[in-house]
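Good morning, colleagues, and thank you for the time. Please look at the sequence and the structure on the screen while I speak.

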Amino acid sequence: MARSETRPVITLRSTAGTGQAYVTRKSRRNNPDRLVLRKYDAVAGEHVMFREER
């Protein structure tokens, strides 16, 4: 699979300050702003907001 500049690999870092991270891809065309998702933080033991890191 060819790497694309329109779908870069991004890191989602937990806002709970635990250091937990997810790695995913996003479309720059559809989501030009920083991505924020509510995902499970295993260290905190609950769902928290994960923000895109650059």
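**An aromatic pair and its surroundings**

The structure contains one aromatic pair. The partners are Tyr22 and Phe50, with 5.1 Å from centre to centre and 70 degrees between the planes, an edge-to-face arrangement. Should anyone ask about these two values: a pair of aromatic rings is described by the distance of the centres and the angle of the planes. I should state at once that this is a predicted model.

Where do the two rings lie along the chain? Tyr22 belongs to strand E2, residues 21-25, and Phe50 to strand E4, residues 46-53, so the pair ties together parts that are 28 residues apart in sequence.

The surroundings of the two partners deserve a word each. Tyr22 has a relative accessible area of 27% and is therefore partly exposed, since buried means under 20% and exposed over 50%. Phe50 has a relative accessibility of 0%, so this residue counts as buried. Tyr22 has a further neighbour in Lys39, whose charged end sits over the tyrosine ring, 4.6 Å from its centre.

Let me now step back to the chain as a whole. There are four strands and zero helices, and the order along the sequence reads β-β-β-β. The C-alpha atoms fill a box of roughly 35 × 20 × 15 Å along the principal axes. The chain has 54 residues, of which 20% count as buried. Of the contacts between residues at least 6 apart in sequence, 30% join residues at least 24 apart.

I turn next to the way the strands pair. E1 and E2 are antiparallel and share five bridges. The hairpin that they form has six residues between the strands, and Gly17 there takes a positive phi near 80 degrees. Strand E3, residues 36-41, runs antiparallel to E4, with six bridges between them. Their hairpin has four residues between the strands, and in this case Gly45 takes a positive phi near 80 degrees. E1 also pairs with E4, again in the antiparallel sense, through four bridges.

Some individual partners make this pairing concrete. Arg13 stands opposite Ala21 in E2, and Arg13 also stands opposite Arg51 in E4. Phe50, the buried member of our aromatic pair, is the bridge partner of Ser14 and also of Leu37. Arg38, for its part, has Met49 as its bridge partner in E4.

Which residues make up the largest nonpolar core? Five residues do: Ile10, Leu12, Leu35, Val48 and Phe50. Strand E1, residues 9-14, and E4 each supply at least two of them. In a regular strand the side chains alternate between the two faces of the sheet. In E1, the covered face carries Ile10, Leu12 and Ser14, whereas Val9, Thr11 and Arg13 lie on the uncovered face.

Leu35 belongs to the core, and setting aside residues up to four places away in sequence, Leu35 touches Ile10, Leu12, Lys26, Phe50, Arg51 and Glu52.

Two further residues complete the picture. The first topic is Glu52, which lies in strand E4. Is Glu52 buried or exposed? Its relative accessibility is 5%, so Glu52 counts as buried. The side chain of Glu52 makes a polar contact of 2.9 Å with the side chain of Lys26. Leaving out residues up to four places away in sequence, Glu52 touches Ile10, Thr11, Leu12, Lys26, Asp33, Arg34 and Leu35.

The other is Ala21, located in strand E2. Ala21 has a relative accessible area of 32% and is partly exposed. Apart from residues up to four places away in sequence, Ala21 touches Thr11, Leu12, Arg13 and Phe50. The C-alpha atoms of Ala21 and Arg51 are separated by 9.4 Å, although these residues are 30 apart along the chain.

To close, I return to the aromatic pair. Tyr22 in E2 and Phe50 in E4 link parts of the chain that are 28 residues apart in sequence, and Phe50 is also one of the five residues of the largest nonpolar core. Thank you for your attention.

Note on methods. Residues are numbered from 1 along each chain as its sequence is written. Side-chain values use heavy atoms; hydrogens and water are left out. Rings of Phe, Tyr and Trp (its six-membered ring) pair if their centres lie within 6.5 Å; planes under 30 degrees apart count as stacked, over 60 as edge-to-face and the rest as tilted. Helices (H or I, at least four residues) and strands (E, at least two) are DSSP runs, numbered from the N terminus. Buried means under 20% relative accessible area, exposed over 50%, partly exposed in between (1.4 Å probe, protein chains only). A charge sits over a ring if NZ of Lys or CZ of Arg is within 6 Å of the ring centre and within 35 degrees of the ring normal. A nonpolar core is a set of buried Ala, Val, Leu, Ile, Met, Phe, Trp, Tyr and Cys residues joined through side-chain atoms within 4.5 Å. Contact means heavy atoms within 4.5 Å. Two strands pair if DSSP finds at least two bridges between them. A polar contact is a pair of N or O atoms within 3.5 Å; within protein, one must be able to donate a hydrogen and the other to accept it, and residues adjacent in sequence count only if both atoms are side-chain atoms.
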